[in-house]
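Welcome to a short set of exercises with worked solutions. Please have the sequence and the model open beside you, and try each task before reading on.

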Amino acid sequence: MSSPNELSPKSPQESAVETRHVVLPNDANHYGTAFGGAIMSWIDLIAVMAAQRHSGREAVTVSIDRINFITPIQIGDHVNLKAMVNYVGTTSMEVGVQVNRENPYTGEMVRATTAYLSFVALDENKKPAPVPPLKLETDLEKRRFAEGKMRIEMAKEFAAKIKASRKIT
């Protein structure tokens, strides 16, 4: 098994993925806006693609750490999703996804949703496998990495607090 230090670093741009959808009536609720679940499904699909591209392996969703629905997306709107690996650990990756609503007639783009997901890379035996380190080249990539690291550390602290609170009776 390779250690992360033996793997060649990859820039976030090397594994970035972008895709588009159009919101159809079956993607929407009775208010004419996209179901949160449909958007979440699209987010998970694009995020795993970025995780697989970065790790060069099968990757599975461990958690959706944060999802913010900022503005509704209407039937007929185009949806532009962009995913990029923000942070990597030994076997895990945090992927950030930005979802923009686009008016198909004017081209106006509005941020609709943001999300952060965690993935683990798997080897041939479905066990956690090392992932390449990130090659951070821009100030934005460095900021995203630092923020991703903080989110991971906060999640671990929160999990430890929950576990400790369950021992108290």
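**Exercise 1. Classify Glu-58 as buried, partly exposed or exposed, then find its salt-bridge partner.**

Step 1. Glu-58 has a relative accessible area of 35%, so it is partly exposed. The cut-offs are these: buried is under 20% relative accessible area, exposed is over 50%, and partly exposed lies in between (1.4 Å probe, protein chains only).

Step 2. The partner is Lys-126, whose side chain meets that of Glu-58 in a salt bridge at 2.6 Å, N to O. The term means a side-chain nitrogen of Lys or Arg within 4 Å of a carboxyl oxygen of Asp or Glu.

Step 3. Now place both ends: Glu-58 belongs to strand 2, while Lys-126 is in the loop between strand 5 and helix 3, so the bridge links distant parts of the chain, 68 residues apart. Helices (H or I, at least four residues) and strands (E, at least two) are DSSP runs, numbered from the N terminus.

Step 4. Look at the backbone of Lys-126 too: its phi is near 65 degrees, a positive value in a residue other than glycine. Most residues other than glycine have a negative phi.

A word on the ground rules: this is a predicted model, where local features need pLDDT of at least 70 and side-chain atom pairs count only at pLDDT 80 or more, while totals for chains, interfaces and linings use all residues. Residues are numbered from 1 along each chain as its sequence is written, and side-chain values use heavy atoms, with hydrogens and water left out.

**Exercise 2. Describe the overall layout of the protein chain.**

Step 1. Count the elements: the protein chain has 3 helices and 5 strands.

Step 2. Read them in order from the N terminus, and you get α-β-α-β-β-β-β-α.

Step 3. For the extent, the C-alpha atoms fill a box of roughly 50 × 50 × 35 Å along the principal axes. Of the 169 residues in the protein chain, 36% are buried.

Step 4. Add the record: an unreviewed UniProt entry carries the annotation "domain: HotDog ACOT-type" for residues 13–125. UniProt positions are given in the numbering used here, feature names are shortened, and annotations may be inferred rather than shown by experiment. In the model, that span is 20% helix and 48% strand, and its end C-alpha atoms lie 29 Å apart.

**Exercise 3. Work through further salt bridges, starting from the total for the whole structure.**

Step 1. The search of the whole structure finds 7 salt bridges. One of them joins the side chains of Glu-124 and Arg-57 at 3.6 Å, N to O.

Step 2. This pair also links distant parts of the chain, 67 residues apart: Glu-124 is in the loop between strand 5 (109–122) and helix 3, and Arg-57 is in the loop between helix 2 (36–55) and strand 2.

Step 3. Check the exposure of each end. Glu-124 is exposed at 68% relative accessibility, whereas Arg-57 is partly exposed at 28%.

Step 4. Turn to Arg-143 and Glu-147, whose side chains form a salt bridge at 3.0 Å, N to O. These two residues are 4 apart in helix 3, so about one helical turn separates them. Arg-143 is partly exposed at 41%, and Glu-147 is partly exposed at 25%.

**Exercise 4. Which rings form the aromatic pair, and is the pair stacked, tilted or edge-to-face?**

Step 1. The whole structure contains 1 aromatic pair. Its rings are those of Tyr-87 and Phe-145, with centres 4.8 Å apart and planes at 45 degrees.

Step 2. Apply the rule: rings of Phe, Tyr and Trp (its six-membered ring) pair if their centres lie within 6.5 Å, and planes under 30 degrees apart count as stacked, over 60 as edge-to-face and the rest as tilted. At 45 degrees, the pair of Tyr-87 and Phe-145 is therefore tilted.

Step 3. Because Tyr-87 lies in strand 3 (residues 78–88) and Phe-145 in helix 3 (residues 139–167), the pair ties together parts that are 58 residues apart in sequence.

Step 4. Tyr-87 is buried, at 13% relative accessibility, and Phe-145 is partly exposed, at 22%.
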